[in-house]
Amino acid sequence: MAIIRQQIVNALTTRMEGITYANGYSREVGSKRVYNANKLPQNIPTPSIVILQGPEQVDARVGDRYNCRLGITIGFVDAFAGRDPDVEANEFLADIQTAFTNGDIVFSTTSAATGASVSSAANILEIANTLNSGDPMDGKVFGEVSYEVQY
């Protein structure tokens, strides 16, 4: 069984890969345009998503469980289609927000007390988002959205 952090990142990656026209989204991201490492937006095909993992903060133990918070930032970039750049970036942001929060993320762990497999759900909180901020990139719209995943 993968560690909880990896189970959560795997679930989020699958959700981002599900951003396709066939699934009702405004972009065709799919499985070949989701990255899990820091990639320069100028060097990746569009539209694309980059998943960046932040620190995992572990709080006090409660019984045989710890309370954890994992920071996740989703960066996105797409080709500028010639309309209002903020409108285009907002559409992509909305796709990510919809996919990211589409139901609970369920993960499995082993109970220290009993040794049994236990299923739990993570809570997802959006912290902040930005559109087209920073240095402009010719012909591209971009942004990022930050989340805290609690488990």
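1. Let me start with Tyr 151, which is buried at a relative accessible area of 8%. Keep in mind that this is a predicted model. The ring of Tyr 151 pairs with that of Phe 107 in an edge-to-face arrangement, with 5.9 Å between the centres and 75° between the planes. The two come from distant parts of the chain: Phe 107 sits in strand β4 and Tyr 151 in the segment after β6, 44 residues apart. Phe 107 is buried as well, with 3% relative accessible area.

2. Staying with Phe 107, its bridge partner in β5 is Ser 120. That bridge belongs to the β4/β5 pairing, where residues 105-110 and 117-131 run antiparallel over six bridges. Six residues separate the strands of this hairpin, and Gly 115 has a positive phi there, near 80°. Worth a look on screen if you like checking backbone angles.

3. On to the other aromatics: the structure has three aromatic pairs. One of them is Phe 100 with Tyr 147, a stacked pair with centres 3.7 Å apart and planes at 10°. Here too the chain is bridged over a distance, with Phe 100 in helix α2 (residues 85-100) and Tyr 147 in strand β6 (residues 140-150), 47 residues apart. How accessible is Phe 100? Its relative accessibility is 0%, so Phe 100 counts as buried. Tyr 147 is buried too, at 3%.

4. Now the nonpolar interior. The largest nonpolar core holds 30 residues, and Met 16, Ile 49, Ile 72, Ile 74 and Ile 96 have the most contacts inside it. Which elements give two or more residues to this core? They are α1 (4-17), β2 (48-62), β3 (65-79), α2, β4, β5 and β6. Helix α2 supplies the largest share, six residues.

5. Ile 49 deserves its own point, being among the core residues with the most contacts. Setting aside neighbours within four places in sequence, Ile 49 touches Met 16, Ile 74 and Ile 96, among others. The list of its contacts also includes Ile 19, Val 29, Val 34, Tyr 35, Phe 76 and Phe 92, plus Arg 33 and Gly 75.

6. Finally, don't overlook another core, which lies apart from the largest one. This one has six residues, including Val 50, Val 77, Met 137 and Phe 142.

Methods:
Residues numbered from 1 in each chain as written. Predicted model: local features only at pLDDT ≥ 70, side-chain atom pairs only at ≥ 80, totals over all residues. Heavy atoms only, no water. Pairing = 2+ DSSP bridges. Helix = DSSP H or I, 4+ residues; strand = E, 2+ residues; numbered from the N terminus. Phe/Tyr/Trp six-rings, centres within 6.5 Å; stacked < 30°, edge-to-face > 60°. Buried < 20%, exposed > 50% of the residue type's maximum accessible area, 1.4 Å probe, protein only. Core = buried A, V, L, I, M, F, W, Y, C linked by side-chain atoms within 4.5 Å. Contact = heavy atoms within 4.5 Å.
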